[in-house]
Amino acid sequence: MKKGFGIGLAMALSLLLVGCGNGAGAKKSDTVRLFVSGDTSEGNAYSKMAKKYEKETGIKVEVTDVPYADLTTKVTKAVQSNDAPDVARVSGVQPDWADYLVDLTSVAKSAGTLDSMTIRDKNDKVKALPTDVTAVGMFINADLFKKAGVSYPTSEKDIWTWDEFIEKANQVKAKTNAKYSMVMDGSDHRLRAFTYQYGGKDFFLNSKKTSYKTDQATITALKKFVELNNEGFMPKSVWTSNEDAASLFKSGQIPAYYSGSWQIADFSKNIDFDWKAVYMPYEKTRATNMGGNFLVAFKNSANSTGGKKFVKWLYKKENYKQLCQYAGYIPAVKNLDIKYKNGQAAYDVYNQEIAAAAEPISGKQTTDQVTMTMKGYKGLTGAYRDSMVKVLNKEISLDDAIKDTIKDYNDGYAKK
Amino acid sequence: MKALKRNKWPLLFTGINIILFITFFLVPAILGFYYSLTDYKGYSTANFVGFSNYVQLFQDGSFYKSLFRTFRYTITLVPLVYIVSLGVALMLNSDHTKGKFLAKIIFFLPWTISGIITGVIFRWLFGESFGFINYVITLMHGKAVPWFTNSNTAFMVIIFAAIWAGTAFNMLQFLSALKNIPRSLYEAADIDGATAWHKFWYITLPSLKPTSFMVILLATIGAMKEFALVQSLTNGGPGTDNMFIVQYIYTTGFDKMNVGYASAASMVLFAILLILGLVQMKIGGRTNE
């Protein structure tokens, strides 16, 4: 009996310890290990490219699909235990990885990746390549516009200003009994694009590089944003209580939706009215706000050279083009024409928006975020959005919100 | 060794529970306390900073705000849940009620739904622009109510959803307790000419004391820890008007990556819950004797 008890206890304990092991470190290997996370179409796209690579070179690429929420932790732990993947597609770069990242400058140069989305370290070496780009943009319910007899820009020549757009959207609302004129995602990423379009630089370092500040155009834009919410031009509940903006637009009762390119795939399948991606209005500057994901390669992996070779191959024009087609990506490489399965017209508008968008401001938020955390800064905590929500809910003034946001920038980007 | 030998069977049967308790409760709790003394950000190293997180926390306005909101929520919710679930249980226990079986199933259904889904359901029902309730109100020529942009109406919706979700479990507790009250007491009261109210006040309620105590204790702790429901219903909104303490801990820890600071806040919550539990046990214990 005693023995049985001992064995039982030992088994229970060993069960707990299983999975804590594996500290052996990387063994040299010919296979290339790639970590990705994404929806099915993205995962499939990388698997297809891996197969093509194996066919061409005879080298196997092992694609591991890691859940999005676990990817950062998983890569960090792997890097710490010298067992990093050769290549990984990530949404950001952690400070712990910085010393182990392969220099990808030559690939960035030969592929011609978008400058505003290519991540460089302090020595100007490229450490992360953009795999795909998302951009803020405007969708309209063309049926409602048609019903109201209101026109919208169909070429780059007749792009509207924000004032013109507001007027037209209000006309549509009045003539079609729509609930609101527009809806904007409750995200500071979208709000930033709005401030850029008013000619603002949002929040930026002062000339002495000691503290962050903002400019008058940004303040004007933010005031306008608050005004549009208070007037009922857009539903306040989206920002203040997290009401789902996309489903409001999908209900067919709102003429315009200020969101981004990631909606195209969903809209193509799930909307039965005539929706369109249209050129975004602007007051002073034509701009968008880009986001995206990045490809990094690690030095302390089992097959680092093989990993870099794979990256180089993947960014060759014809291969990269294929990847974008498979995954439905907007390319992060200049001058690339891609044929998509669905939503071609919408993608075309987005590509033109990205090409025309003011740089580097249109990629600043994302690259800042990646570069700064790579350098070991804490990064922003989302105070921008939170404080704007408080302004809309009349908890604080706009001045206080700006102060809070600047403090967040200073804590996150100006001091370690 | 001797004690171990004597207790080996109890130990064996509770062993898995003990291991689970240590792994999933004790170790995280100790780790949480340790993190609360550091500046841990969720990655890289944790530097020891002593009690500075606590000092900062006790000067933090938004911490007090969310703490008091949680108290307000608890004080409003617990009596309401108590009354509603007792009322439902009494009705289901009454001899005059018809369709008890079906009613029990209907009242119990919400308990099988997770807090997040409850939030989503009530979001649809009370949606400001396209919600069912506002649709009905406008059909009857009323004015649509800003359910989620006004902090008081949003609070009402949260309370309503929480009662809807919390009634089932407490109702079951009361139902089984009601069944255990000896019928002879009521018969004796009938002979003495007691009214229904007298019977409830002098027989039913005193007999339910132990159950009431447990219902109130569990409901209080549950309300203090409310998270999933509010997160999916209003995200603490409008603004931060309905952000409760657990959501505050969550945003500080995981959105703002101040794990050390958030751990300090959860230690304070732990202390508050512990005190609440002890006080209620003391009161409940005395009345049970």
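Here is a walk through this predicted model, from the shape of chain B to its meeting with chain A and then to two spots in the backbone of chain A.

Let's start with chain B on its own. Its secondary structure is all one kind: 14 helices and 0 strands. Read from the N terminus, the elements simply go α-α-α-α-α-α-α-α-α-α-α-α-α-α. If you draw a box along the principal axes, the C-alpha atoms of chain B fill roughly 75 × 75 × 30 Å.

Now look at where chain B meets chain A. On each side the count comes to 28: 28 residues of chain B are in contact with 28 residues of chain A. Together the two chains bury about 2,400 Å², and 60% of that is on carbon and sulfur atoms. What about charges pairing up across the two chains? The count there is 1 salt bridge. The partners are B:Lys65 and A:Glu395, whose closest N and O atoms sit 3.9 Å apart. With the cut-off for a salt bridge set at 4 Å, this pair falls within it. Polar contacts add to the picture, with 7 residue pairs found across the interface, both residues being at pLDDT 80 or more.

Which part of chain B gives the most to the side touching chain A? That would be helix α2, residues 8–36, with 6 residues. Taken as a whole, the side of chain B that touches chain A divides into 9 nonpolar, 11 polar and 8 charged residues.

Helix α2 of chain B is worth a second look, and the surface is the place to do it. There is a nonpolar patch there, including B:Leu4, B:Leu11, B:Phe21, B:Phe24, B:Phe25 and B:Ile30, with about 1,100 Å² of accessible area for the patch together. Helix α2 of chain B gives the most to this patch, with 11 residues. B:Ile22, one of the patch residues, lies in that helix.

Finally, turn to the backbone of chain A. Most residues other than glycine have a negative phi, and most peptide bonds are trans. Against that background, two places stand out. A cis peptide bond joins A:Glu359 and A:Pro360, with omega at about -5 degrees. You'll find A:Pro360 in the loop between α14 (344–356) and α15 (361–374) of chain A. The other place is A:Asn177, which is not a glycine and yet has a positive phi of about 60 degrees. A:Asn177 is also in a loop, the one between α6 (162–176) and β6 (182–184) of chain A.

Methods: Residues numbered from 1 in each chain as written. Chains lettered and ligands numbered in written order. Predicted model: local features only at pLDDT ≥ 70, side-chain atom pairs only at ≥ 80, totals over all residues. Heavy atoms only, no water. Contact = heavy atoms within 4.5 Å. Buried area = accessible area lost by both parts, 1.4 Å probe. Salt bridge = Lys/Arg side-chain N within 4 Å of Asp/Glu carboxyl O. Polar contact = N/O pair within 3.5 Å; in protein donor to acceptor, adjacent residues only side chain to side chain. Helix = DSSP H or I, 4+ residues; strand = E, 2+ residues; numbered from the N terminus. Nonpolar A, V, L, I, M, F, W, Y, C, P; charged D, E, K, R; others polar. Patch = residues over 30% accessible without salt bridge, like charges linked within 9 Å, V, L, I, M, F, W, Y side chains within 5 Å. Areas by Shrake-Rupley, 256 points an atom, 1.4 Å probe, with all protein chains shown as cover.
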